[in-house]
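Please examine the model shown here, beginning with its strands and then turning to the spaces within it.

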Amino acid sequence: MATATEDSPVILISGANRGIGAAIVRELKAHGYRLSLGARNVEALEGEHGPADDMTHYARFDAFEPATAEAWVSEAAAKFGRIDGLVNNAGLGEHVHLMDDNDEALDRLWAVNVKAPLRMIRLCMPHLEATGRGRIVNVVSMSGKRVRNPLVGYNMTKFAAMGLTHTTRQVGWEKGVRATAICPSFVRTEMSAYTSKVTPEEMIQPETMANLVRTAIELPNNAAMAEMLVNCRLEDTL
């Protein structure tokens, strides 16, 4: 296990209190990263990861409140003096079907799955460009690559998140910023608890996702991966 130092890279992670986000925290902490973690409930972060310290920062982050994103990035930059990477992990899986007349739910999906990651990227980009090798990892979904369910709201926003990732790649490339979309199918988290298509044991494990996030962060500038498609069931190559 590596120990974080004052020279260690600084990574911001949203939705870090449970599921994939909590696994990413454990993975990066074990490899010596300094971390700034965002969640709606800071007490939940403390309960999951222990008290904040010189190498770990906690912030309240609510996708529905833009000011919390601004405060989080500002506090993290002030504490660590740099930001090397951003992991947009927080997501919403609310079910909206094609014929559902539910604009409020659609608005919530767009706010969490698209607008909040965009906002975080805009706020972090100057810091990431300054490093010459900034990293952005968007935890998207296979539902952003193909459609195998009737959840139109989720599918639309995940396709939009893919567009966000590829636009970010274009904008940040010349200054060393690399953006990657990691697109898993079912992961063993609360969000996948509704399905009976795959057993929990057959699903992708959060620790596997965390390892892939670290891989995306650590790849050199001349070996960037735009997309990582992660399956637990056989699918045609996309």
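The paragraphs below treat a pair of strands, the largest pocket and the cavities in turn.

The structure is a predicted model. A convenient starting point is strand 3, which covers residues 56-60. Four of its five residues are buried, that is, under 20% relative accessible area, so strand 3 is largely enclosed by the rest of the structure. Its neighbour, strand 2 (residues 34-39), runs parallel to strand 3, and five bridges join the two. At one of these positions L35 has T56 of strand 3 as its bridge partner. Between the two strands the chain passes through helix 2, residues 42-49, and the resulting β-α-β crossover is right-handed.

Strand 2 also leads to the next feature, since it is among the elements that give two or more residues to the lining of the largest pocket. The others in that group are helix 1 (19-30), helix 4 (103-131) and helix 5 (152-172). Helix 1 gives the most, with three residues. The space in this pocket amounts to about 1100 Å³. Its lining comprises 46 residues, and those nearest the centre are N89, G91, L92, G93 and M191. What is the make-up of the lining of the largest pocket by class? There are 19 nonpolar, 16 polar and eleven charged residues.

Enclosed spaces complete the picture. How many cavities of 30 Å³ or more does a search of the whole structure find? The search finds two. The largest cavity has a volume of about 60 Å³, and its lining consists of N88, A90, N113, P117, N138, V139, V140, K158 and A161. Helix 4, strand 5 (135-139) and helix 5 each give two or more residues to that lining. By class, five of the lining residues are nonpolar, three are polar and one is charged.

The second largest cavity has a volume of about 40 Å³. Around it lie S14, F61, A63, N88, N89, A90, V112, A116 and P117. Helix 4 gives the most to this lining, with three residues. The lining has six nonpolar and three polar residues, and no charged ones.

Certain residues link these spaces. N88, A90 and P117 line the largest cavity and also line the second largest cavity. N89 lines the second largest cavity and is one of the residues nearest the centre of the largest pocket. Helix 4 likewise recurs, in the lining of the largest pocket, in that of the largest cavity and in that of the second largest cavity.

Note on methods
Residues numbered from 1 in each chain as written. Predicted model: local features only at pLDDT ≥ 70, side-chain atom pairs only at ≥ 80, totals over all residues. Heavy atoms only, no water. Buried < 20%, exposed > 50% of the residue type's maximum accessible area, 1.4 Å probe, protein only. Pairing = 2+ DSSP bridges. Right-handed = clockwise from strand over helix to strand, strands pointing away. 1 Å grid on protein atoms, 1.4 Å probe; cavity = no way out; pocket = protein on both sides within 12 Å on 5 of 7 lines; lining within 4 Å. Points joined across faces, edges and corners; volume = space filled by probe spheres on them. Nonpolar A, V, L, I, M, F, W, Y, C, P; charged D, E, K, R; others polar.
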